[in-house]
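Reader: I'm new to looking at protein models. Could you show me how to read one, feature by feature?

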Amino acid sequence: MAQSENYQFEDNIKWEDAGNGVQRQVFGYDDKVMLVKAKFETGGIGSLHSHPHSQVTYVESGVFEMTIGDETKTIRKGDGYYVPPHVVHGVTCTEAGMLVDAFSPFREDFL
């Protein structure tokens with residue numbers, strides 16, 4: 001079973017380049033759940049994609065144009081969203097910010 005350390009400290013977690021003006025930090029996880037921070041530059045893009053994981057996201061800062069399926073909405077600090085498994089989704093950052101993602105099960109491709 002994959003599992004993170006019990007505690008994660010932001011200063012000790014390397015930012016990974018996810019491309020398109022996006023960086024991420026992987027926080028706690030096991031085989032059932034994973035927490036990830038995604039930092040976006042203005043104009044950063046999380047390309048349209050789908051995956052078999054449930055995803056819940058909180059907007060820590062910034063402004064984003066979020067597409068889930070065929071619906072696009074503007075989301076900002078304090079907002080959140082849910083993406084069911086296998087649903088196409090993506091985001092464009094219109095004001096630099098941070099998203100905090102929770103995935104279930106964990107994203108093996110992020111390790």
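Author: Happily! Let's begin with a single pair of residues: V36 stands opposite D101 in β8. Keep in mind throughout that this is a predicted model.

Reader: Which way do β3 and β8 pair, and over how many bridges?

Author: When strands pair, look at the direction and then at the bridges. β3 and β8 are antiparallel, with seven bridges. β8 has other partners too. With β5 there are 13 bridges, again antiparallel, and V63 stands opposite E95 of β8 there. With β4 there are three bridges, also in the antiparallel sense, and H49 has H89 of β8 as its bridge partner.

Reader: And what joins the strands near the start of the chain?

Author: Here you can look for hairpins. β1 (residues 16-19) and β2 run antiparallel and are joined by three bridges; E16 has R24 in β2 as its bridge partner. The hairpin they form has two residues between the strands, and N20 in the turn shows a positive phi of about 55 degrees. Then β2 goes on to pair with β3 through six antiparallel bridges, including the one between Q23 and K39. That hairpin has four residues between its strands.

Reader: Is β2 mostly covered or mostly open?

Author: Mostly covered: β2 (residues 22-29) has eight residues, and seven of them are buried. As a general idea for reading any strand, side chains in a regular strand alternate between the two faces of the sheet.

Reader: What touches S4, and where in the chain is S4 found?

Author: S4 belongs to the segment before β1. Leaving out residues up to four places away in sequence, S4 touches F27, G28 and Y29. Its relative accessible area is 14%, under the 20% cut-off, so S4 counts as buried.

Reader: How many aromatic pairs does the structure have?

Author: Searching the whole structure turns up four. To read one, check the distance between ring centres and then the angle between the planes. For F40 and F64 the centres are 5.2 Å apart and the planes stand at 80 degrees; angles over 60 count as edge-to-face, so this pair is edge-to-face.

Reader: Why does that pair tie together separate parts of the chain?

Author: Because F40 is in strand β3 (residues 34-40) while F64 is in strand β5 (residues 54-68), the pair links parts that are 24 residues apart in sequence. Both rings belong to buried residues: F40 has 6% relative accessibility, and F64 has a relative accessible area of 0%.

Reader: Could you take me through another pair?

Author: Try F103 and F110, an edge-to-face pair with 5.8 Å from centre to centre and 90 degrees between the planes. F103 and F110 are both buried. Charges sit over these rings as well. R24 lies over the face of F110, 3.8 Å from the ring centre, and the charged end of R107 is over the ring of F103, at 5.1 Å from its centre.

Reader: Which residues does M98 contact, beyond its neighbours within four places in sequence?

Author: M98 is found in strand β8 (residues 89-104). Its contacts are W15, K37, A38, K39, Y58, V59, E60, S61 and F64. With 10% relative accessibility, M98 counts as buried. Sequence and space can also be compared for a chosen pair: M98 and D31 are 67 residues apart along the chain, and their C-alpha atoms are separated by 24 Å.

Reader: How do people find the empty spaces in a model?

Author: Rolling a probe the size of a water molecule over the atoms shows where empty space is left. In this model, the largest pocket holds about 400 Å³ of space.

Reader: Which residues lie nearest the centre of the largest pocket?

Author: They are V22, R24, G46, H49 and F110, out of 24 residues in the lining. You have met R24 already, as the residue over the face of F110.

Reader: Which strand gives the most to that lining?

Author: β8 does, with six residues. At least two lining residues come from each of β1, β2, β3, β4 (45-49), β5 and β8. Now try turning the model and finding β8 beside its antiparallel partner β5.

Note on methods. Residues are numbered from 1 along each chain as its sequence is written. This is a predicted model: local features need pLDDT of at least 70, side-chain atom pairs count only at pLDDT 80 or more; totals for chains, interfaces and linings use all residues. Side-chain values use heavy atoms; hydrogens and water are left out. Rings of Phe, Tyr and Trp (its six-membered ring) pair if their centres lie within 6.5 Å; planes under 30 degrees apart count as stacked, over 60 as edge-to-face and the rest as tilted. Buried means under 20% relative accessible area, exposed over 50%, partly exposed in between (1.4 Å probe, protein chains only). A charge sits over a ring if NZ of Lys or CZ of Arg is within 6 Å of the ring centre and within 35 degrees of the ring normal. Two strands pair if DSSP finds at least two bridges between them. Contact means heavy atoms within 4.5 Å. On a 1 Å grid over the protein atoms alone, a cavity is a set of points where a 1.4 Å probe fits but cannot get out, and a pocket is an open set with protein on both sides within 12 Å along at least five of seven lines; lining residues have an atom within 4 Å of a point. Grid points are joined across faces, edges and corners, and a volume is the space filled by probe spheres set on the points.
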